[in-house]
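Reader: I'd like a close look at one part of this protein, the charged pairs and what sits around them. Could you walk me through it in plain words?

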Amino acid sequence: MRSEERQHRILALLRQAGQAEVAALAADFRVAPETVRRDLSELERRGLVRRTHGGAYPVESAGYETDLARRETHQVESKRRIAAAAVRLIDAAETVFIDEGYTQQILAGMLPTDRPLTVVTASLPTAAAVAKSPETTVLLLGGRVRGRTLATVGSWATQMLSSFVIDLAFMGANGIARDSGLTTPDPVVADVKAQAIRSSRRRVFIGIHTKFGVSSFCRFAEIGDFETIVTDTGLSVAEANRYSLLGPTVTRV
């Protein structure tokens, strides 16, 4: 098998499984671990994967984006810790925007139910997660529903958002990098996220460490737009400090 074909198959496998170890890939393709490491280095050079200690995972890009089912099985415990830390930042907020994404969906299930709260979201699963609370008013943005994420996009969603003044927005992204800000592969998704940024007084980014240092196609916000970033301890202290120099407080849990 030529290296180009093997790299193509490795990338397809990573995108299907979410991540893989060098030893397992070497066994699957019947090559030496050093060969797999060279393949992963080449894929990383092309911006398609990120290397980890002993393995790799795929990077979301303009041509590739994980679906909600995949996100619901990847680093779930880290996402729960992030959501639990982030929800404590609500303080006296009465209106909250919750972005699409599984970590945001977990956070929605942790919202306070002992006081009135208005939740604005483009995510169908998030709306369903909070709609049963008698103290919570849910406003679901209209528009086309993306099958991959079950979230609405388009002009109806952005127009609705533009008429609101929201106390606090919990935002996600496909990638967050110090040089390129917060990015996502799809322009219509970026439009909704950018309007949520404009419509909110306070913004908190929540996301696992694998999103950091990753850049996708469409930028919708800068690091300095956020008061707080909440992630897991997979992001090093040194790197967290570099992000904090751009404005936000960085919390690792």
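Reader: Which residues are linked in a network of salt bridges?

Author: Keep in mind that this is a predicted model. The network links Asp 91, Arg 202 and Glu 227. Let's start with one of its pairs: Arg 202 forms a salt bridge with Asp 91, and the closest N and O atoms are 3.8 Å apart. That pair links distant parts of the chain, 111 residues apart. Arg 202 belongs to strand β12 (residues 200–206), while Asp 91 sits in the loop between α5 (76–87) and β4 (95–98). Asp 91 is exposed, with a relative accessible area of 57%.

A search of the whole structure finds 13 salt bridges, so let me pick out a couple of others, given that a pair counts when the nitrogen is within 4 Å of the carboxyl oxygen.

Stay on β12 for a moment. Arg 201 is in that strand too, and its partner Asp 167 is in strand β9 (residues 166–171), 34 residues apart. Their side chains meet in a salt bridge at 2.7 Å, N to O. The two ends sit in unlike surroundings: Asp 167 has 18% relative accessibility and counts as buried, because the cut-off for buried is under 20%. Arg 201, on the other hand, is exposed at a relative accessible area of 57%.

Next comes Arg 146, whose side chain meets that of Glu 100 in a salt bridge (3.9 Å, N to O). Arg 146 lies in strand β7 (residues 144–146) and Glu 100 in the loop between β4 and α6 (102–108), so this pair ties together parts that are 46 residues apart in sequence. Here both Arg 146 and Glu 100 are buried.

Glu 100 also leads us to an empty space. The structure holds 2 cavities of 30 Å³ or more, and Glu 100 is one of the residues lining the second largest. That cavity has a volume of about 30 Å³. Besides Glu 100, its lining includes Asp 99, Ala 122, Thr 152, Val 153, Val 189, Val 192 and Lys 193. By class, you get 4 nonpolar, 1 polar and 3 charged residues. As for where they come from, β8 (151–153) and α9 (187–199) each supply at least two, and α9 gives the largest share, 3 residues.

So, to pull the thread together, Glu 100 does two things in this picture, because it pairs with Arg 146 to tie parts of the chain together and it also lines the second largest cavity.

Notes:
Residues numbered from 1 in each chain as written. Predicted model: local features only at pLDDT ≥ 70, side-chain atom pairs only at ≥ 80, totals over all residues. Heavy atoms only, no water. 1 Å grid on protein atoms, 1.4 Å probe; cavity = no way out; pocket = protein on both sides within 12 Å on 5 of 7 lines; lining within 4 Å. Points joined across faces, edges and corners; volume = space filled by probe spheres on them. Helix = DSSP H or I, 4+ residues; strand = E, 2+ residues; numbered from the N terminus. Nonpolar A, V, L, I, M, F, W, Y, C, P; charged D, E, K, R; others polar. Buried < 20%, exposed > 50% of the residue type's maximum accessible area, 1.4 Å probe, protein only.
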